[in-house]
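Open the model in your viewer and keep the selection panel handy. We will go stop by stop, from the whole chain to its pocket.

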Amino acid sequence: MDLALAEAQKAALMGEVPVGAVIVDPAGNVLASAGNRTRRDSDPTAHAEMLAIRQAAKFLGNDRLLGCTLYVTLEPCAMCAGALSHARVSRVIYGAPDPKSGGTDHGARVFEHSQAHHRPEVVGGISEVACSMLISDFFASLRFKD
C-alpha cells in the first residue's frame, strides 16, 4: 500500500484526485503502478486502477491478471470494479472506503451482481487513515483556494 500511496501523492502534486494503484503478481513482484491522470490526459477513464490494469496486462501480454492483487488507496468505483472483474484480478485491497462513489463495498457493489464475470476477494481499510487523510486534505485545499 505504501507504493500506492506514493503514486497518489504524485497525482496530488499534479492536481489530480490523489488515488494510486499498484498491481503485483502472485509472488509479490510489482507489475504496474499508476496515479490518477484524468485531468492530465483529458480522459475520464484514466483512473489509477484502469491505468495499472492496462500496464500489467501489457507487461504480461495477457488480458487476464490471474493471481494478481491490486492495491489501491481508495475503494474502486463501479467502472474500475467492472474492469477488475473482466481482468480476473484475484484480490482487491483498498485503503479508504468511498461511500459516495465506491463500487465494491458501497454504491453499486459490482461484484455482488449476478452479471459479474469474476468476484475477487476484497479487503478494505488497509492504511485507511493515511489514505483517507490524503483525499480529505486534497479536497480541503481546493475549498480554501482563492
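Start with the lining of the largest pocket, and select helix H5: H5 gives the largest share of that lining, four residues. Keep this selection saved, as we will come back to it. One thing to bear in mind as you look around is that this is a predicted model.

**Stop 1: the whole chain.** Zoom out and colour by secondary structure. You should find five helices and five strands, arranged along the sequence as α-β-β-α-α-β-α-β-β-α. The chain has a radius of gyration of 14 Å, close to the 15 Å that the globule rule gives for 146 residues, so it is as compact as a globular protein of that length. Switch to the C-alpha trace, and its span along the principal axes is about 45 × 30 × 30 Å.

**Stop 2: the sheet.** Now select the strands. In what order do the five strands of the open sheet lie? Going across, you meet S2-S1-S3-S4-S5, with mixed pairing. The edges are S2 (30–35) and S5 (121–123), each of which pairs on one side only. Look along the sheet to see how its neighbouring strands turn against each other: the average is 15°, direction ignored. If you show side chains here, remember that in a regular strand they alternate between the two faces of the sheet.

**Stop 3: the hairpin.** Narrow the selection to S1 (residues 20–24) and S2. These two strands run antiparallel and are joined by five bridges. Pick out Val24, and you will see Val30 of S2 standing opposite. Next, follow the five residues between the two strands of this hairpin and stop at Gly28, which takes a positive phi near 90°.

**Stop 4: the helix across the strands.** Add H1 (residues 2–13) to the view. Which strands does H1 lie across? They are S1, S2 and S3 (69–74), and H1 runs at about 145° to S1.

**Stop 5: the largest pocket.** Finally, turn on a surface and return to the pocket, which holds about 500 Å³ of space. Its lining has 22 residues; select Val17, Leu74, Asp98, Ser101 and Ile135 to mark those closest to the centre. Two elements give two or more residues to the lining, helix H2 (38–41) and helix H5 (128–143). Colour the lining by class to finish: 10 residues are nonpolar, five are polar and seven are charged.

How values were computed. Residues numbered from 1 in each chain as written. Predicted model: local features only at pLDDT ≥ 70, side-chain atom pairs only at ≥ 80, totals over all residues. Heavy atoms only, no water. 1 Å grid on protein atoms, 1.4 Å probe; cavity = no way out; pocket = protein on both sides within 12 Å on 5 of 7 lines; lining within 4 Å. Points joined across faces, edges and corners; volume = space filled by probe spheres on them. Nonpolar A, V, L, I, M, F, W, Y, C, P; charged D, E, K, R; others polar. Pairing = 2+ DSSP bridges. Axes fitted to C-alpha atoms, helices over the stretch in contact; angles between N-to-C directions. Contact = heavy atoms within 4.5 Å. Rg over C-alpha atoms; globule rule 2.2 N^0.38 Å.
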